[in-house]
Every structure is written in C-alpha cells, then in structure tokens.
Amino acid sequence: MNIASFLLYCVIVTFTPGPSNIVILAAVRQEGFRQAAKYITGASIAYSLLVAASVVVNRELVTGMPVVLTVLRIAGSLFILYLAYQIYRMDVSKAAAKQTASFMSGFWMQFLNPKVVLFTITVIPIYVMPYYSSGWVLALFVGLVSLIGVAAYFSWGLFGTLLKGILQKYQKISNIVFALLLVYSAVMVSGITDIARG
C-alpha cells in the first residue's frame, strides 16, 4: 500500500473547495463560527457514516467478486482525474451560495454531494482493501479518513476567511498544484506503476 498517495488523496479531496467546504466558508462569513459549527457537525457525522457504509458494502462485493476491485481502481482513478480537472478550472469566487447553516443541512448535504459520495465509496476499496482485509485494520482506516474529513471541515470553519483570501489571491496557482497532486494520486491508484514494474 502506498500510504503517501493514500494520505495525499484524502487531504487533497477533503481540503480542496467543494460544496460542503464552500458552504462552511460562506456560513462562517455570514453567520459566524458558532452557527457554522452546527453545519460542520452534521456534515462530519454524515461523512463518517458514508465512509463506514462504503467499507461494509465494498467488503462484501470484493469478497464475492474480486473483479469489482479492479473496476473500482479504474473508476477511482478516472474520478480522481475528473476532480483534478474540476479543481484546475474552478473559480472559488463564484462557488459560494447562501444557505442556512444547520446541523440537518450539513448532514443531508453530504448524501447529495457527489464529491463526498464518490470519494467515500472509492477511497478505502482502492487504497486499503487490496492490501488489508482485517475488520480492525479497515476500522482504523475508516477512523483515519473520517478524522481527515472532520479536520478539513473545521479548518474551513476556523480559517475560512483567511483561506478564502489566499485561494482567491493565488487561485490559479493553487488550482494547478492541487490538480497535479491529484493526477499523481490517480496514477498511483490505477495500478499502472505496478504493471510497469512487471
């Protein structure tokens, strides 16, 4: 398992702007951190539930049909490349929309957020499950991915104003760096390096 690629993927996907992060940023600026914290709590709980559910579902699929893992690696690689493209062309200044920052809006948005759903159904199966099958090890990775996601949400909440200013000032450079790091992750996930090594 390439732990550096795994952590890089998790950090980039969770910390880069997406629907939840942008709503948190907007909520902090419009309603303050205390109100945004309700949204962050709901989003964090739903995010963790999605990660855990994907492991349970994918564990059954991978055990019953090993070819599913290959399909997930290819699909995951393509999804990461798609995210890289989206981040490369993203305009953060146009992304924020006014929304009430409540626990329930944060919770339900995760289930409707394609970035979160696709990330959670691919991250453990393509990075961890080819190497580990123990329930305890998988639970540890679920906890790790959940902590990274929660850290990202609270970072956007606590440093929202600062991050928005930096991202807007250096938006193109930030987008290029994030996109290139995601392309690296896609290559590592795809298995191309394993094939090249023989």
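**Group meeting: a helical protein and its cavity**

At 34% relative accessibility, phenylalanine 111 counts as partly exposed. I'm opening with that residue because partly exposed covers the range between 20% and 50% relative accessible area, and 34% falls inside it. One caution before I go on: what you have in front of you is a predicted model.

So where does phenylalanine 111 sit? You'll find it in helix 5, which covers residues 103-112. If we skip the neighbours within four places in sequence, phenylalanine 111 is in contact with Ala46, Leu50 and Val117. Alanine 43 is another residue to click on: it is 68 residues away from phenylalanine 111 along the chain, with 9.3 Å between the two C-alpha atoms.

Okay, let's zoom out. How many helices and how many strands does the protein have? There are 10 helices and 0 strands. Going along the sequence, the pattern reads α-α-α-α-α-α-α-α-α-α. The protein has 198 residues, and 46% of them are buried. Now take the contacts between residues at least 6 apart in sequence: 86% of those join residues at least 24 apart.

Next, one pair of helices. Please find helix 1, residues 3-15, and helix 6, residues 114-127. They pack at an angle of about 175°, and their axes are 11 Å apart. That angle makes helix 1 roughly antiparallel to helix 6, because anything over 145 degrees counts that way. Who meets whom? From helix 1 we have Ser5, Phe6, Tyr9, Cys10, Val13 and Thr14, and on the helix 6 side they meet Lys115, Phe119, Thr122, Val123 and Tyr127. Sorted by class, that contact has 7 nonpolar, 3 polar and 1 charged residues.

Keep those two helices on screen, since the cavity is next. Searching the whole structure for cavities of 30 Å³ or more turns up 1. Its volume is about 90 Å³. Which helices each supply at least two residues of its lining? Helix 1, helix 6 and also helix 2, residues 19-31. The full lining is Val13, Thr14, Gly18, Pro19, Ser20, Asn21, Tyr47, Asn113, Lys115, Val116, Phe119 and Tyr153. You may recognise some of these: Val13, Thr14, Lys115 and Phe119 are on this lining and also take part in the contact of helix 1 with helix 6. By class, the lining has 6 nonpolar, 5 polar and 1 charged residues.

Now over to helix 7, residues 135-158. I picked two residues there. Tryptophan 156 lies in this helix. Is tryptophan 156 buried or exposed? It has a relative accessible area of 1%, so it is buried; the limit for that is under 20%. Tryptophan 156 and alanine 26 are 130 residues apart along the chain, and their C-alpha atoms are separated by 9.8 Å.

The other one is leucine 144, also in helix 7. Leucine 144 has a relative accessible area of 30%, so we call it partly exposed. Apart from residues up to four places away in sequence, leucine 144 touches Phe6 and Leu7. Phe6 is one of the helix 1 residues that meet helix 6. Leucine 144 and cysteine 10 are 134 residues apart in sequence, but 9.5 Å apart in space, C-alpha to C-alpha.

That's my tour. To recap: 10 helices, helix 1 roughly antiparallel to helix 6, and a cavity of about 90 Å³.

Note on methods:
Residues numbered from 1 in each chain as written. Predicted model: local features only at pLDDT ≥ 70, side-chain atom pairs only at ≥ 80, totals over all residues. Heavy atoms only, no water. 1 Å grid on protein atoms, 1.4 Å probe; cavity = no way out; pocket = protein on both sides within 12 Å on 5 of 7 lines; lining within 4 Å. Points joined across faces, edges and corners; volume = space filled by probe spheres on them. Helix = DSSP H or I, 4+ residues; strand = E, 2+ residues; numbered from the N terminus. Nonpolar A, V, L, I, M, F, W, Y, C, P; charged D, E, K, R; others polar. Axes fitted to C-alpha atoms, helices over the stretch in contact; angles between N-to-C directions. Parallel < 35°, antiparallel > 145°, perpendicular 65-115°, else oblique. Contact = heavy atoms within 4.5 Å. Buried < 20%, exposed > 50% of the residue type's maximum accessible area, 1.4 Å probe, protein only.
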